[in-house]
Amino acid sequence: MSICLRNIVLSYPDGDGHRRVLDDVDFEVRRGEFVAVTGPSGSGKSSLLAVAGLLITPDSGRVVIDGSDMTGLDRDERTTVRREKLGFVFQQSNLLPSLTAVEQLQMMSHLAGDSVRESRARATDLLCSLGLDGHLDRRPHQLSGGQRQRVAIARGLMNDPSVLLVDEPTSALDENRSREVVALLADLSRDRDVAIVMVTHDLSRLTLVDRACAVRNGTLIPLPGSVPSAIH
Ligand SMILES: Nc1ncnc2c1ncn2[C@@H]1O[C@H](COP(=O)(O)OP(=O)(O)OP(=O)(O)O)[C@@H](O)[C@H]1O
């Protein structure tokens, strides 16, 4: 199992008390599996992703990544796990305006200590494999929304993560581009054997995923037609 969340409880301060957003949630995704998390606005989808991505620590429960329990890691240790095991793709692509497509990716691998030559070769390969040959030296404003999102996905894959966490990747895209981006994620999960968790409002995209679940009232409910994970 690439990522496994067990008995996660998360609450936020709310007035004088606390509001429980995730209430004893179990969730797991294995390598090569593409899982969507949906649910109403404010239900806790992004919070679940943030717990999985070690960006916030739950009140209780365990996050296990590639078999290692993340409980009790300090901030530096969590940063290392995020860099080595996890990739992130955010809603609006979050690319740095002054960097070219290749440089956006090189920055990730520079942080991991690779040489400039190694990182350029790897970034170029990855961008080409995502259909971005011809756009390698363009800056974000010279790319379409769909191309920007593909650069962001390539950046998320740069350090060869076990788990790619994707938050609303299609919110800024039209119907066709949005379908292309989700189909690309489906291919990548299989071809690169990476676990992909995608938070989405867009129920029309759920035909492309292996499995879908919804956050409702703090719990995670498998959606009809989706296949529950076979491994526990
Ligand atoms: N840092 C925070 N402090 C207090 N409350 C928070 C915080 N972050 C999120 N919340 C609340 O927790 C709930 C869940 O938020 P979350 O962003 O996880 O929902 P979501 O399902 O991703 O929503 P959306 O679809 O609108 O992005 C919401 O009611 C939100 O207001």
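Which residue in E10 is the bridge partner of arginine 216? In E10, that partner is threonine 219. We will come back to this pair below, after a look at the whole chain. Please keep in mind that this is a predicted model.

## The chain as a whole

Let's start with the overall picture. The protein chain contains six helices and 10 strands. Its radius of gyration is 17 Å, close to the 17 Å that the globule rule gives for 232 residues, so the chain is as compact as a globular protein of that length. Along its principal axes, the C-alpha trace spans about 50 × 40 × 40 Å.

Of the 232 residues in the protein chain, 39% are buried. Many contacts link parts of the chain that are far apart in sequence: among contacts between residues at least 6 apart, 69% join residues at least 24 apart.

## An open sheet and its helix

One part to look for is an open sheet of four strands, with the order E2-E1-E4-E5 and antiparallel pairing. Its edge strands are E2 (17-29) and E5 (68-69), each of which pairs on one side only. Strand E1 (residues 3-14) runs antiparallel to E2, and 10 bridges join the two. One place to find this pairing is tyrosine 12, whose bridge partner in E2 is arginine 19.

Helix H1 (residues 45-52) packs on this sheet, where it touches E1, E2 and strand E4 (60-65). The direction of H1 makes about 125 degrees with that of E1.

## Strands E3, E9 and E10

Now we can return to the pair from the opening. Strand E9 (residues 211-216) has pairings of two kinds. With strand E3 (residues 34-38), E9 runs parallel, and four bridges join them. Here alanine 36 stands opposite alanine 212 in E9. With strand E10 (residues 219-222), E9 pairs in the antiparallel sense, over four bridges. The opening pair, arginine 216 and threonine 219 in E10, are bridge partners.

E9 and E10 form a hairpin with two residues between the strands. In this hairpin, asparagine 217 takes a positive phi near 50 degrees.

## A covered helix

Helix H5 (residues 145-157) has 13 residues. From its first C-alpha to its last it reaches 19 Å, close to the 18 Å expected at 1.5 Å a residue. H5 is mostly covered, with 12 of its 13 residues buried. Among the buried residues are Val151, Ile153 and Leu157, along with Arg148, Arg150 and Arg155.

## Serine 162 and its surroundings

In the loop between H5 and strand E7 (163-167) you will find serine 162. Is this residue buried or exposed? Serine 162 counts as buried because it has 20 C-beta neighbours inside 10 Å.

Leaving out residues up to four places away in sequence, serine 162 touches Ser2, Arg31, Ile65, Asp66, Lys85, Val194 and Ala195. Proline 13, by comparison, is 149 residues from serine 162 in sequence, and their C-alpha atoms are 32 Å apart in space.

## The nonpolar core

Finally, let's turn to the interior. The largest nonpolar core has 56 residues. Which residues have the most contacts inside it? They are Val163, Ile196 and Val197.

Isoleucine 196 makes a good place to explore this region. Not counting residues up to four places away in sequence, isoleucine 196 touches Phe34, Leu164, Val166, Leu185, Leu188 and Ser189.

Technical notes
Residues numbered from 1 in each chain as written. Predicted model: local features only at pLDDT ≥ 70, side-chain atom pairs only at ≥ 80, totals over all residues. Pairing = 2+ DSSP bridges. Contact = placed C-beta atoms within 7 Å. Axes fitted to C-alpha atoms, helices over the stretch in contact; angles between N-to-C directions. Core = buried A, V, L, I, M, F, W, Y, C linked by C-beta atoms within 7 Å. Rg over C-alpha atoms; globule rule 2.2 N^0.38 Å. Expected span 1.5 Å × (residues − 1).
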